[in-house]
Amino acid sequence: MFICSKLKKSKDKPRHDLVPQFKHDAVTQLRQHESAPSPKRTSSGKSPDKISQRCRRLSSRATDNVKSFTFSELKAATRNFRPDSMVGEGGFGYVFKGWIDENTFAPAKPGTGMVVAIKKLKSESYQGHKEWLAEVNYLGQLHHENLVKLVGYCSESDNRLLVYEYMSKGSLENHLFSRGVQPIPWAIRMRVAMGVARGLAFLHSLDANVIYRDLKASNILLDVDFNAKLSDFGLARDGPTGDKTHVSTRVVGTRGYAAPEYVATGHLTPKSDVYSFGVVLLELLSGRRALDDDKPGYLDETLVEWAKPFLSDGRRVFRIMDTRLGGQYPKKGAQAMAALAWRCLHNDPKIRPAMSDVARTIEELHLTKGVSEPPPTANKVTEQGRVRGFSDDGISRPYTS
């Protein structure tokens, strides 16, 4: 994940258990750190302030709940960070697959013990250190079934690493957009939407009013049962409290997902996350990226701009549905989820629903017969690729996969 003064493009390659009462003293430190001017760099690009001194900003409330690994332990767990152990890469650095003993957390042989994902910060990334710090301070204190679990961290010399539970199904982005990947069915898409909504609702319910700020398909990870968990808390921060209506911050995040009022003013509220959730919901419905710059002629058109004209019309909404679903989705369910996306994407943040209401709506739809599952004999696809029973739905689109 990159942090910059302007948004980056969208392509990257209920049990509410809270570890004792969440205090946001560490997050306040992070906010002060974020608003402070960046220290001058040396010719090598590094700050003259020692990284080890900045690391003292870690909250003991966070570090007491996770394992502190040595660099040599994580080196052994990943077989010296071998290239064939790498499972991902981003602005922060590289992600490796590793193995540790599930009881002692000592390095284990590949294929034994507990598999983990180990994120290694690029040594030259000053901005990445701030993200690393935020992740430890948040995920070290917050526990919820829809947040990825932080197992531990490493802060040794210039090395900064994070150790997470391994999410075997990878990211939602991969399942929705990668070529050659089996498309996920309607029921799984709705399960993902429900998990993401619950995770965001949990964050917004805290005293610190935590705003995730970087919701997107690549940050939604899936376990073996396709349960969704929010990952990458590098841009998260605590929200407005008391009489404050918003927090002011420089605009960071991902183009196509960020709320328009946040992009325009830098004013951040929990409703900014609601808008981003609406975008992800559109991706689940349509199978299209928030911003797809691979499509000639559509460089400036976002998914929201393309889909909005169809969302408010229950008959036209089927024009946005992912053709890879083959019509195998309940008509009423699609209309209900599209209507929810429409509410989340309202230009006026005050009119958008709270994430707790969004989660409740999805849960109710999940329990409603004929909404969560497609009818067993309906929506047969004909040889011409049109959906019987929906032949007038207009499946032609401005751009196709």
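In this predicted model, the axes of helix H7 (residues 186–205) and helix H12 (residues 355–367) come within 8 Å and cross at roughly 150°. Since an angle over 145 degrees counts as roughly antiparallel, H7 and H12 are therefore roughly antiparallel to each other, and the crossing of H7 past H12 is left-handed. On the side of H7 the contact involves Met190, Ala193, Met194, Ala197, Arg198, Leu200, Ala201 and His204, while H12 contributes Met355, Ser356, Val358, Ala359, Ile362, Glu363 and His366. By class, 10 residues of this contact are nonpolar, 3 are polar and 2 are charged.

Turning to the open spaces of the structure, the second largest pocket has a volume of about 240 Å³ and a lining of 12 residues, among which Gly256, Ala258, Tyr275, Thr302 and Glu305 lie nearest its centre. Helix H10 (residues 303–311) supplies the largest share of this lining, with 3 residues, and the lining as a whole comprises 6 nonpolar, 3 polar and 3 charged residues.

As for enclosed space, the second largest cavity holds about 100 Å³ and is lined by 14 residues, with Arg213, Asp214, Tyr257, Ala258 and Ser276 lying nearest its centre. Ala258 is thus listed among the residues nearest the centre both for the second largest pocket and for the second largest cavity. The most is given to the lining of this cavity by helix H9 (residues 270–286), which provides 3 residues, and the lining divides into 7 nonpolar, 4 polar and 3 charged residues.

Methods. Residues are numbered from 1 along each chain as its sequence is written. This is a predicted model: local features need pLDDT of at least 70, side-chain atom pairs count only at pLDDT 80 or more; totals for chains, interfaces and linings use all residues. Side-chain values use heavy atoms; hydrogens and water are left out. On a 1 Å grid over the protein atoms alone, a cavity is a set of points where a 1.4 Å probe fits but cannot get out, and a pocket is an open set with protein on both sides within 12 Å along at least five of seven lines; lining residues have an atom within 4 Å of a point. Grid points are joined across faces, edges and corners, and a volume is the space filled by probe spheres set on the points. Helices (H or I, at least four residues) and strands (E, at least two) are DSSP runs, numbered from the N terminus. Ala, Val, Leu, Ile, Met, Phe, Trp, Tyr, Cys and Pro count as nonpolar, Asp, Glu, Lys and Arg as charged, and the others, Gly among them, as polar. Axes are lines fitted to C-alpha atoms, for helices over the stretch in contact, and angles run from 0 to 180 degrees between N-to-C directions. Angles under 35 degrees count as roughly parallel, over 145 as roughly antiparallel, 65 to 115 as roughly perpendicular and the rest as oblique. A crossing is left-handed if the near helix is turned anticlockwise from the far one by less than a right angle, and right-handed if clockwise. Contact means heavy atoms within 4.5 Å.
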